[in-house]
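Let's take a friendly walk through a protein model, looking at one residue and then at one sheet. Keep the 3D view open as you read.

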Amino acid sequence: MPETLRRAVTENRERILQERHNLFMEEVGSRMVLSFFIAAALPLFFLEQRTEPPFIGWYTVLLCVAAQSLFLIRFYNAHREHEAPKTRKWHRLNLYLAVIWAILWSSFPYLFLQGATPVTLLTCLVVLSVATSIPSVSMGVYPDIFIGFITPVYLAWLSFILVYVPEAPGIIKMLPLINLIFMVLFSLYIHRSQISTIALRIEAEQASERASKASESKTRFLAAASHDLRQPLQAATLYAAMLKNNAAPQPEIVDKLDTAIASCNELLGHLLMLSRLQSQRLKPRKRIINLLDTLQPILDEVRPQASAKQLTVITENLAGQYIFTDGIMFARIVRNLVSNALKYTEQGHIRIVARQQDKQLLLDIEDTGIGIDDIYQTEVFDEFMQIDNDQRSIQNGLGLGLAIVSRLGALCEIPVQMQSRKGEGTTFTLTLPAAAISQTQPADNVVNALPLFETLTVLLIDDDKRVTEALSGLLGSLGATVSAHHALEPAMQALKERGAPPSVVITDDQIGPHTNAGSVIEAVTALFRQPVPTLIITGNTNPDFIQTLPDDIDVLFKPVAADTLTAKLEEMLAPSSAG
């Protein structure tokens, strides 16, 4: 069985068990009817014994076995909805029926074939082979039941021939054993084939469901984007017009413009994070971190916002706790959960508590907000799902925060559990690996180090004039020396005239129709015969594209905030400058 199919069988084990059961029970009735008529017809070849006890006894037992089988089948069909999930119960009952039918068939030669000729014996063996092979396909879903039926039957017939018909030809003596072996093998083959078919059908159904769900998510996303992105962009457009039409300084308008742009960046940042997670390019960098130091910036952000809503922020047992994880990804998880709590809580508190459990640290993020209705609790971690603060239902909106929490949690091996009651609040619990030692590296907060930029030389290549002007202005204001170009050829000419490699190359991914970031890296490396730190700034967030980027190349995705750019440059260059 191929590895992918084996994995599908493992992941869908319970559902496959149910499908096997349903298939078996759909055919068991007709199989029992056929077995009854064959069993009833076979003694008719021995009508001369019809008044003898074996003949009467056979039919008596046959009628009892058939009546019992019919009763169980009718009971199941009458209570199918209730009984169908009880697969193990009905598996045992069907195994029992197989055994009592086997006993009936096993007794036949001892009752009717004493002194029979080899021809009669062979005829009965042929009938037996036909009778037992008929259910082999349907019973293949449960080979133990089929094998439990045929094994005692053929062994009983084999024993009868060896003991009571020793003069029978060898082929007749071997026929029961040959039939048994081949039917067992055939049953196992059919079983494997049917399980594979069921697994493939389930996989196809699940793929169809995922495609349908993705289509629905895309529709929700387009509706949400048309609303959530248009609003701040419209506001930013109007604020920009106000600044343009008034030469006097207007700090309030500038602040509102910054807020509108920040809203756009936040939404695009969420989308970018999901795209990067889908590309599987993000890899956690785990180390020992101080829990309180990592969460303090988040607490500093949320307390003023909570105070404005008259909410209390409670923290317990955060000091002196150390965990082993990626600090940046962990902080992003907590920030999203705290932001969610703040958004949906109008009164009461937000409580962040750490508690020990064996070798793990549990972090609870609790709120007294609107809670989540039971019918939505399985959906809140889906992309583009959001709970309406007023209507308590799914509404238009990006709703990407918890989707990012779920994916980052899986990436960092941080299980995320949720408990919520509508109208009473929600608690998210993160299971964190507690660290046994307290030696930590510096926190992940970025500090602006101006001396680094005062000695920085930058080769900037982007075919968009607005981008080069903005980046040149920003880096120049920090003290860096920037050589900006819109194509590779003039950039290389400038480097040749300078005669020394730059501190860093900042380039767009695609520069014109025939030049990309790879061309830039190759040209600069060849010119100076050494690699030069390179930062790619691109607007291409396609997961397939992200997957192709080399792991050793730093990448930022447009739009890039100023502090994000400076932090990335410090991260890239600080180790070499420290050396």
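## One serine and one sheet

S107 is partly exposed, because its relative accessible area of 24% falls between the cut-offs of 20% for buried and 50% for exposed. Keep in mind that this is a predicted model. You can find S107 in helix 5, which covers residues 87-112. Now look for F160: it is 53 residues away from S107 along the chain, and the C-alpha atoms of the two are separated by 9.7 Å.

Next, turn to the sheet. Five strands form an open sheet in the order 9-8-10-13-14, and their pairing is parallel. At the edges are strand 9 (481-485) and strand 14 (554-557), each of which pairs on one side only. On average, neighbouring strands of this sheet are turned by 20° against each other, direction ignored.

What holds strands of a sheet together? They pair through backbone hydrogen bonds, either parallel or antiparallel. Here, strand 8 (residues 457-461) runs parallel to strand 9, and five bridges join the two. For one of the partners, look at L459, whose bridge partner in strand 9 is S483.

Two helices pack on this sheet, as the table shows.

| Helix | Strands touched | Angle between directions |
|---|---|---|
| Helix 15 (residues 465-477) | strand 8, strand 9, strand 10 (504-507) and strand 13 (534-538) | about 175° with strand 9 |
| Helix 16 (residues 488-498) | strand 8 and strand 9 | about 160° with strand 8 |

Try tracing the strand order 9-8-10-13-14 in the 3D view, then find helix 15 packing on the sheet.

Methods:
Residues numbered from 1 in each chain as written. Predicted model: local features only at pLDDT ≥ 70, side-chain atom pairs only at ≥ 80, totals over all residues. Heavy atoms only, no water. Pairing = 2+ DSSP bridges. Helix = DSSP H or I, 4+ residues; strand = E, 2+ residues; numbered from the N terminus. Axes fitted to C-alpha atoms, helices over the stretch in contact; angles between N-to-C directions. Contact = heavy atoms within 4.5 Å. Buried < 20%, exposed > 50% of the residue type's maximum accessible area, 1.4 Å probe, protein only.
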